Amino acid sequence: MKTQVVIIGSGPAGLLLSEILHRHGVESVVLERSSREHVLSRIRAGVLESTTVDVLRQNGLAARMDVEGHPHDGMRIAWAGRDSFFVDTASTLGRRFMVYGQTSIQEDLYAAADRRGQPVLTEVSDVVLHDFDGAPGARPFVTCVQQGQALRIDCEFIAGCDGFHGVSRRSIPETVRREYEKVYPFGWLGVMARVKPLPDITYVNNPRGFALASYRNEKLSRFYIQVALDDQLDAWPDERFWPELKSRFPAEMAQAIEEGPTIEKSIAPLRSFVSEPMRYGALYLCGDAAHIVPPTGAKGLNLAVSDVYYLSRALGRWYGKGDASLLDGYSETALRRVWSSVRTSWYLTNLLHRFPHFSAFDQKAQEHELDYLKSSHFAQAALAEQYAGLPFE
Ligand code: RFL
Ligand code: PHB
């Protein structure tokens, strides 16, 4: 096979990239390790920055989101024994964000790929990247196995959109890669439940640990609580989960939380991770393949979208005008926005969680930070700007 761009991974980064490239008249083939059913069954993000919403709208991917998604004007922060406060992105910045599940975006992207006959090869294994180091005369290609058959795909560029555990990042020589990592000493238990959500996305700092109430639709809620790193799912039956969740919210909010059937539970560790550079020769990394943020700021999916925005624009410029300047600047441009979201997610994670090793000093400093945020319009405006999402330029 032969194409212009091989895209490894059919998560939101990979499928969105193939869609935008198609609009620029650039051909691609997408390779996916899992089955389509598996990709569509993953429950993850929910909060879309206004820039992400714009990219989806500009590329004809927003019809369902504009009907089923829920615009929000801000988010709420609460902590033990004090009144909560609302960080208002609409009144401070004139910007709202959208709550719309990643699972639905993934369905919309697969539907769009089907409509235009995009080749998406699923259940591929043994993906290997070849001749992509940019040496003069080298022509990149990717090999893999699908249903027992060995495939070779010749291409001009490779986009590594294969998530944190993918093969693309690790194909860059260790001598070139610089990795920055912070692993947090706790995880999140995420629960989807068929109950009416609280009106606002609400983050809570409580002596029993962090909690978050989020939204999918009028009858579907997404909750998270901080759990120990070695906690197992079977230690969290519903009879334990609901009282624990409610015990972390201020009393009047706890009363408003409805209990009901849970449909999904999972535990995820929290990590900040950045791998630099995001380009090596003809290989360009996008999304979780290059960076991971803890979910506290809801930035991961949004960063995948901003990487794809920069890369699709750069490839469009190259194929349209023969101008490589945006490709050459891709890593630097993308990393500037990545580090900004990495910093915000790290800040919110430190602000809202209980750390096992915290001293009395650390605890006081954290409480003071929350007090300051609550009382200062300027501090709230700075957080609102980060939460709603910085502009691409
Ligand atoms: P993905 O979604 O992991 O997709 C990568 C795809 O690559 C495939 N793959 C391979 N394919 C071929 N060959 C290989 N060798 C391969 N190795 C892997 C995988 O099967 C997969 O299909 O990465 P992508 O596209 O970069 O998208 C990133 C987002 O999924 C991620 O950042 C977000 O889900 C993070 N995240 C959140 N982000 C937000 O913006 N807002 C949120 O509210 C939010 N909440 C969350 C989150 C992530 C969570 N978890 C569980 C990780 C909440 C949670 C709980
Ligand atoms: C979600 O709705 O899944 C969600 C919301 C906010 C976050 C993380 C996840 O910070």
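Colleague: How do you know that the end C-alpha atoms of helix α14 (residues 377-388) are as far apart as they should be?

Modeller: The expected span is 1.5 Å times one less than the number of residues. For the 12 residues of α14 that gives 16 Å, and the end C-alpha atoms are 16 Å apart, so the two agree. Helices here are DSSP runs of H or I, at least four residues, numbered from the N terminus. By the way, this is a predicted model, where local features need pLDDT of at least 70 and side-chain atom pairs count only at pLDDT 80 or more, while totals for chains, interfaces and linings use all residues. Residues are numbered from 1 along each chain as its sequence is written, and side-chain values use heavy atoms, with hydrogens and water left out.

Colleague: What caps the N-terminal end of α14?

Modeller: That's Ser-376: its side-chain oxygen sits 3.2 Å from the backbone nitrogen of Phe-378. Just after the helix, Gly-389 has a positive phi of about 105 degrees.

Colleague: Which residues come nearest to ligand 1?

Modeller: Glu-32, Arg-44, Gln-102, Asp-288 and Leu-301, out of 31 around the ligand. Being near takes a heavy atom within 4 Å.

Colleague: What makes the Asp-288 pair with ligand 1 a polar contact?

Modeller: A polar contact is a pair of N or O atoms within 3.5 Å; within protein, one must be able to donate a hydrogen and the other to accept it, and residues adjacent in sequence count only if both atoms are side-chain atoms. A polar side-chain atom of Asp-288 is 2.7 Å from a ligand 1 oxygen, so that pair fits the cut-off.

Key: Chains are lettered from A and ligands numbered from 1 in the order in which they are written. Helices (H or I, at least four residues) and strands (E, at least two) are DSSP runs, numbered from the N terminus.
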